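Let's take a walk through this model together, with the viewer open beside the text. We will begin with an enclosed space, move out to the pockets, and then look at the sheet and some single residues.

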Amino acid sequence: MDSKCYREMLMIVQESKKGRRKKMKRKKMKRWKLVLMAAVVVGATTALVACAGKAGKDKAEKSETSAASTNAGASNAKGQLTLGAAASLEKVFSDKIIPMFNEKYPDIKVTGTYDSSGKIQAQIEEGAKIDVFFSAATKQMDELDKKGLMDTASIHPMLENKLVMIAAKDKAEQFTSFEQIANAKKVAIGDPKSVPAGAYAKEVLESMEIWDAVQDKLSLGSNVTEVLNWVADGSASVGLVYATDAKKMADKVSVIEEAPEGTLKEKIVYPIGIVKNSDNAAAAKIFVDFLKTDAVKQVFVESGFTVE
């Protein structure tokens, strides 16, 4: 083989080796790129997991702190608390709800004062030391709120009641419907000017066009409990009271009929709210929140109320 051919073959072999080296280098670089990308992905994933874990931990700690703060506020609340409520609420609060509350919050002593919602309203307007107002109608609550005497944000429609016609057990057979109230010798209702049940009674009787027919037979009670007692002891032939009041004295009075549908423009709603000048607003809030629990709602239902 001549020298020229030898040199040409040598050049071909060298070029081939160079090509193989370049190809191997490219493969090696490609492998490093893949390794680097995998490392980046793993690092990012680890960072995200760590960040999410920290966020979850911070959220949990924040929740625990908030709960601890709320529980601390509840446990630190103490002192006297006065509830001003409609007379129709006296039995359920005195017999059941206040004892339930005292058991859970022994450091907060609740005292109830019960009368017509109009009279409780007047007491608040005169500066009486009442922390929570539980009215048997929205009218009294709204009037106090308009005068700036209530914590507006705390007002909440809590219960619903019904108006019924009742008679004493031994006289119930004489009446079978609401219309027969005009035949009664004495009709007892709450004073419409201050007793929500009386205002509802007047509205129903006017709607039925028998208000004028019973004017001379009316006995106006200062609250619904007084009306109930008059019927029970026979002082009045019939009376118009709340269904819940009739239920608590079912051994002495009978329900003749519920007020006919359409005779009341609005439902009988009981709103609750905290008085703005309460001396113990923290305890008042705890008490109102307690009334919204399922256990207390069940007590209201068992007493004949409908929970809003």
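With a threshold of 30 Å³ or more, the count comes to one cavity. Please keep in mind as you look that this is a predicted model. The space inside the largest cavity is about 50 Å³. Its lining is made up of 13 residues, and those nearest the centre are Ala86, Val195, Pro196, Val224 and Tyr242. Sorted by class, this lining holds eight nonpolar, four polar and one charged residues.

Now let's turn to the pockets. The largest pocket holds about 330 Å³ of space. It is lined by 16 residues, with Lys139, Ala199, Tyr200, Glu203 and Glu266 the closest to its centre. Which helix gives the most to the lining of the largest pocket? That is helix 5, with four residues. Helix 5 spans 196–207, and both it and helix 4 supply at least two residues each of this lining. In terms of class, the largest pocket is lined by eight nonpolar, two polar and six charged residues.

The second largest pocket comes in at about 220 Å³. Here 14 residues form the lining, and Lys162, Glu258, Ala259, Leu264 and Glu266 are the closest to the centre. You may recognise Glu266, which is also among the residues closest to the centre of the largest pocket. The lining of the second largest pocket breaks down into five nonpolar, three polar and six charged residues.

Next comes the sheet. Five strands form an open sheet in the order 7-6-8-5-9, and their pairing is mixed. At its edges are strand 7 (218–221) and strand 9 (253–258), each of which pairs on one side only. On average, neighbouring strands of this sheet are turned by 35° against each other, with direction ignored. For a closer look at one pairing, find strand 6, residues 187–190, which runs parallel to strand 7 and pairs with it over four bridges. Within that part of the sheet, Gly190 stands opposite Gly221 in strand 7.

Two helices lie across these strands. Helix 5, already met at the largest pocket, lies across strand 5 (163–168), strand 6 and strand 8 (238–242). Its direction makes an angle of about 120° with strand 8. Helix 6, residues 224–232, lies across strand 5, strand 6, strand 7, strand 8 and strand 9. The angle between helix 6 and strand 8 is about 145°.

Let's finish with two loop residues. Glu209 is found in the loop between helix 5 and strand 7. Its phi is near 60°, a positive value in a residue other than glycine. Is Glu209 buried or exposed? Its relative accessibility is 73%, so Glu209 counts as exposed, the cut-off for that label being over 50%.

The other loop residue is Ser154, located between helix 4 (138–146) and strand 4 (156–161). Because its relative accessible area is 12%, Ser154 is buried, as that label applies under 20%. What is Ser154 in contact with, leaving aside its neighbours within four places in sequence? The residues to highlight are Ile272, Gly273 and Ile274.

How values were computed: Residues numbered from 1 in each chain as written. Predicted model: local features only at pLDDT ≥ 70, side-chain atom pairs only at ≥ 80, totals over all residues. Heavy atoms only, no water. Buried < 20%, exposed > 50% of the residue type's maximum accessible area, 1.4 Å probe, protein only. Contact = heavy atoms within 4.5 Å. 1 Å grid on protein atoms, 1.4 Å probe; cavity = no way out; pocket = protein on both sides within 12 Å on 5 of 7 lines; lining within 4 Å. Points joined across faces, edges and corners; volume = space filled by probe spheres on them. Nonpolar A, V, L, I, M, F, W, Y, C, P; charged D, E, K, R; others polar. Pairing = 2+ DSSP bridges. Axes fitted to C-alpha atoms, helices over the stretch in contact; angles between N-to-C directions.
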